[in-house]
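Please open the structure in your viewer and keep the selection panel at hand. The tour below goes from one stop to the next, saying what to select and what is found there.

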Amino acid sequence: MDHHATTPLNQEVLDAMMPYLTTEFGNPSSNTHEYGHYARIAVDQARRQVADFLGAGPNDIIFTSGATESINLALKGTAYLDSRKSSANIITVPIEHKAILDTGKRLQKQGVEIRLAQVDHYGMVDLDDLRKKIDSNTILISIQAANGEIGTIQLIREIGAIAREHGIPYHSDAVQALGRMELDVEKDNIDLLSASGHKIYGPKGVGALYLRKGLKLTALIDGGGHERGLRSGTLNVPAIVGLGKAMEIAKRDLRDESQRLLSLRRRLAEGIESRIEDVRLNGHPTQRLVNNLNYAFSYVEGEALILACRDVALSSGSACTSTSLQSSYVLKAIGVPDHLAHSSLRFGLGKSNSEADVEKVLDLLEHGVKRLRGLSPLYDMAKEGVDLEQIKWSEHHQ
Amino acid sequence: MDVWDDYSEKVMDHYENPRNVGIVENANGVGVVGNPACGDVMKLTIRVEDGIIVDARFKTFGCGAAIATSSMVTEMVKGKELGEALEISNRGVMEALGGLPKVKRHCSVLAENALKAAVEDYNKRK
């Protein structure tokens with residue numbers, strides 16, 4: 001139940017890729033023989049599949065090695081264009097994926113100001129604050145479509161409209177949103193969009209960047225001038241074919257699969273709230289991804305609870321941060337107290353999950369929380385009426 | 001790969017079946033260390049008679065390794081003289097558990113600190 005971290009490769013996707021891993025090994029850039037020709041046809045088809053899924057034109061899609069590269073290209077590629085501005089700024093939010101935040105840090109060292117628009121306690125960006133942060137030096141607004149940890153879906157269309165009013169391009173990291181909600185770059189006023197293959201049952205190591213026609217970027221990788229000179233390097237044909245197929249399937253299955261996930265999510269949420277006391281939902285109650293839940297199980301430490309539920313893959317934050325011992329920066333940014341952040345678990349439902357899985361995880365959670373609360377001094381204190389916020393604890397030891 | 005793949009069998013056993021859970025009745029030494037904001041709090045209660053720790057129990061809010069080290073330290077101190085007990089180090093607790101993954105070594109410090117705090121509390125009360 002950790003489909004935010006990654007997803008298994010769909011068999012249909014593998015079948016589509018297989019010829020390009022075996023007999024169809026051509027380089028799409030070779031235009032003197034038919035090996036190259038067939039590879040080019042396959043890449044063109046994938047480009048159309050990706051474009052169709054996003055509501056874009058095929059010429060607006062740039063294939064990359066994954067969403068992290070797409071994001072780097074979107075942010076750095078925009079920043080490096082604007083040599084005329086010495087005091088350029090980019091606006092984003094503190095709950096973005098590290099791919100955005102760390103790219104922002106790098107750009108900051110290079111003189112680009114990174115402005116963080118405020119988010120409320122659900123993780124929704126404050127549109128008034130966003131407006132206030134915009135000035136004539138703003139070169140890009142980058143706000144995720146949906147959050148991978150707390151599931152909160154942003155008001156993308158409104159953000160895009162605000163960006164457009166000011167003539168600023170709007171980039172959205174849509175990695176977690178794709179395949180889980182309707183998304184259309186035209187309707188949603190998105191100018192750049194980063195997508196990944198492996199979060200939608202496609203292969204790892206491939207992604208795409210949508211770039212609205214007329215917008216420019218500075219390439220980060222120079223070479224043979226592939227992808228309109230924006231991303232040189234021989235195309236990874238099998239992975240690109242897989243990405244295209246995964247997006248075609250995601251589009252085809254979107255309605256049915258989101259309905260199914262939503263009903264599983266409701267079952268899981270109702271089960272948690274009716275069977276376990278003192279739980280708190282992190283993130284928005286309704287404006288959230290169909291497959292995501294994030295609950296704080298008070299007085300119980302998250303990793304100990306994951307361990308108690310280890311027959312089901314769960315996570316206590318983004319997979320990148322769960323070994324770091326620090327509580328989640330996303331939960332911190334939306335004002336979840338540290339001790340509750342340490343007690344929080346993320347649930348990411350996906351294609352492979354059934355009602356039986358939900359029942360199983362509910363049993364494990366109920367039993368695990370009960371057992372661990374029996375060990376927890378915080379639970380005893382809370383039951384005695386002690387306010388945990390008022391106690392003078394020892395210093396942080398980490 | 002999950003961090004608990006690196007937990008020894010002993011760590012898993014103490015996490016699954018922790019020894020000496022609870023609060024010692026008539027405890028004459030109590031140590032509470034850690035911070036919920038850091039993700040671990042341990043409460044250790046001991047009963048000392050004639051300079052010997054005759055009972056020790058714990059309650060811990062923390063990860064699997066924190067629970068296992070808490071459980072182990074209660075086993076190690078029982079029946080020991082105070083001086084002897086204070087010689088138990090976090091390293092000793094870790095060794096008794098067959099080691100801990102690197103990122104979890106700080107959990108054994110929690111157990112050592114709780115023991116020191118409980119003994120200190122006992123000495124103050126005397």
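In which hand of crossing, left or right, does helix 2 of chain B pass helix 5 of chain B? Select both helices in what is a predicted model, and view the pair so that one helix lies in front of the other: helix 2 of chain B passes helix 5 of chain B in a right-handed crossing. Their axes come within 8 Å and cross at roughly 40 degrees, and helix 2 and helix 5 of chain B are therefore oblique to each other.

Now show the side chains along this pair. On helix 2 of chain B the residues to display are Ala65(B), Ala66(B), Thr69(B), Ser70(B), Val73(B) and Val77(B), and these meet Cys107(B), Ser108(B), Leu110(B), Ala111(B) and Leu115(B) in helix 5 of chain B. Coloured by class, the contact of helix 2 with helix 5 of chain B divides into eight nonpolar residues, three polar residues and no charged ones.

**The sheet of chain B**

Keep the two helices on display and add strands 1, 2 and 3 of chain B, which form an open sheet in the order 1-2-3 with antiparallel pairing. Strand 1 (29-35) and strand 3 (52-61) of chain B stand at the edges, each with a single partner strand, so one side of each is left without a neighbour in the sheet. From one strand to the next the twist averages 15 degrees.

Strand 1 of chain B and strand 2 (residues 40-49) of chain B run antiparallel and are joined by seven bridges; to find a place on this pairing, select Asn35(B), which stands opposite Asp40(B) in strand 2 of chain B. Helix 2 (residues 64-77) of chain B packs on the sheet, where it touches strand 2 and strand 3 of chain B, and its direction makes about 175 degrees with that of strand 3 of chain B. Helix 5 (residues 106-125) of chain B, by contrast, lies across strand 1 and strand 2 of chain B and runs at about 145 degrees to strand 1 of chain B.

**From chain B to chain A**

Next, bring both chains into view and select the residues where they meet: 23 residues of chain A are in contact with 26 residues of chain B. On the chain A side, the elements that give two or more residues are helix 8 (302-308), helix 10 (338-341) and helix 12 (377-383) of chain A. That side of chain A divides into nine nonpolar, nine polar and five charged residues.

**The two domains of chain A**

Hide chain B and colour chain A by its domain assignment, which gives domain 1 (11-251) and domain 2 (253-381). The C-alpha centres of domain 1 and domain 2 of chain A lie 29 Å apart, and the contact takes 24 residues from domain 1 of chain A and 23 residues from domain 2 of chain A. Which helix gives the most to the side of domain 1 of chain A that touches domain 2 of chain A? Select helix 7 (residues 237-275) of chain A, which gives three residues to that side. By class, that side of domain 1 has 12 nonpolar, eight polar and four charged residues.

**Along helix 7 of chain A**

Stay with helix 7 of chain A and add helix 1 (residues 11-21) of chain A; their axes come within 8 Å and cross at roughly 155 degrees. Helix 1 and helix 7 of chain A are therefore roughly antiparallel to each other, and the crossing is right-handed. Among the residues to label are Ala16(A), Met17(A) and Tyr20(A) in helix 1 of chain A, and Val241(A), Gly242(A) and Ile249(A) in helix 7 of chain A. The contact of helix 1 with helix 7 of chain A has 10 nonpolar, one polar and two charged residues.

Helix 7 of chain A also lies across strand 8, strand 9 and strand 10 of chain A, running at about 10 degrees to strand 9 of chain A. Select these strands to see an open sheet in the order 8-9-10, with antiparallel pairing. Strand 8 (279-281) and strand 10 (344-348) of chain A stand at the edges, each with a single partner strand, so one side of each is left without a neighbour in the sheet. The twist averages 25 degrees from one strand to the next. As a last selection, take Arg280(A), whose bridge partner in strand 9 of chain A is Ala296(A).

Note on methods
Residues are numbered from 1 along each chain as its sequence is written. Chains are lettered from A and ligands numbered from 1 in the order in which they are written. This is a predicted model: local features need pLDDT of at least 70, side-chain atom pairs count only at pLDDT 80 or more; totals for chains, interfaces and linings use all residues. Domain bounds come from an automatic or database domain assignment. Two residues are in contact if their C-beta atoms, placed from the backbone, lie within 7 Å. Helices (H or I, at least four residues) and strands (E, at least two) are DSSP runs, numbered from the N terminus. Ala, Val, Leu, Ile, Met, Phe, Trp, Tyr, Cys and Pro count as nonpolar, Asp, Glu, Lys and Arg as charged, and the others, Gly among them, as polar. Axes are lines fitted to C-alpha atoms, for helices over the stretch in contact, and angles run from 0 to 180 degrees between N-to-C directions. Angles under 35 degrees count as roughly parallel, over 145 as roughly antiparallel, 65 to 115 as roughly perpendicular and the rest as oblique. A crossing is left-handed if the near helix is turned anticlockwise from the far one by less than a right angle, and right-handed if clockwise. Two strands pair if DSSP finds at least two bridges between them.
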